[in-house]
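Please look over the sequence and the model below before reading on. The paragraphs after it go from the whole chain to a single pair of helices and then to one residue.

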Amino acid sequence: MAKSKQGKSLPNLYRKRRELLKKLHSIGPPVRGSIYQYSRFCGKKSCRRCQRGEGHSGLFLSVSIERKTHMVSLSTSSKEERAKEWSSNYKELQKIVEKITRINLELLSGK
Ligand SMILES: [Zn+2]
């Protein structure tokens with residue numbers, strides 16, 4: 001996209017911001033957190049996975065709220081799918097908020 005001299009005019013900034021706000025509304029539910037993989041050994045002597053040295057692995061979502069870390073096991077593929085989607089929604093939200101912040105900064109520093 002070519003940048004014109006009009007690129008940063010007030011109407012353009014407001015229009016851009018309106019578009020971003022619309023986008024913001026179209027994003028699905030967010031979750032702020034990180035998805036990690038864990039692997040552990042259950043310690044059962046009869047467990048073949050642990051005997052083979054594979055152990056048990058899975059994913060969990062880690063979210064820190066008010067200095068406390070909450071960890072939720074994503075024990076089904078449905079949970080895994082939802083957590084990944086919500087987490088990517090959050091990242092998308094962040095990007096848009098960042099863009100709106102830059103526009104607002106410009107609007108505030110103008111006349
Ligand atoms: Zn095991």
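What follows is a walk through a predicted model, beginning with its overall outline.

The chain contains three helices and three strands, and these are arranged along the sequence in the pattern α-β-α-β-β-α. Its C-alpha trace spans about 75 × 30 × 20 Å along the principal axes, and its radius of gyration is 22 Å, where a compact globule of 111 residues would have a value near 13 Å. Of the 111 residues, 2% count as buried. Among the contacts between residues at least 6 apart in sequence, 54% join residues at least 24 apart.

One pairing between distant parts of the sequence is that of helix H1, residues 10-26, with helix H3, residues 77-109, whose axes lie 10 Å apart and pack at an angle of about 160°. Because angles over 145 degrees count as roughly antiparallel, H1 is roughly antiparallel to H3. The crossing of these two helices is left-handed. On the H1 side the contact includes Leu13, Lys16, Arg17 and Leu20, while on the H3 side it includes Ile96, Ile100, Ile103 and Glu106. Taken together, the residues of this contact comprise eight nonpolar and five charged ones, with no polar residue among them.

Ile103, which belongs to helix H3, gives a closer view of the pairing. Leaving aside residues up to four places away in sequence, Ile103 touches Leu13, Lys16 and Arg17. The C-alpha atom of Ile103 is also 8.2 Å from that of Tyr14, although 89 residues separate the two along the chain. Is Ile103 buried or exposed? Ile103 has 16 C-beta neighbours inside 10 Å, and therefore counts as partly exposed.

How values were computed:
Residues numbered from 1 in each chain as written. Predicted model: local features only at pLDDT ≥ 70, side-chain atom pairs only at ≥ 80, totals over all residues. Axes fitted to C-alpha atoms, helices over the stretch in contact; angles between N-to-C directions. Helix = DSSP H or I, 4+ residues; strand = E, 2+ residues; numbered from the N terminus. Parallel < 35°, antiparallel > 145°, perpendicular 65-115°, else oblique. Left-handed = near helix turned anticlockwise from the far one by under 90°. Contact = placed C-beta atoms within 7 Å. Nonpolar A, V, L, I, M, F, W, Y, C, P; charged D, E, K, R; others polar. Buried ≥ 20, exposed ≤ 12 C-beta atoms within 10 Å, placed from the backbone. Rg over C-alpha atoms; globule rule 2.2 N^0.38 Å.
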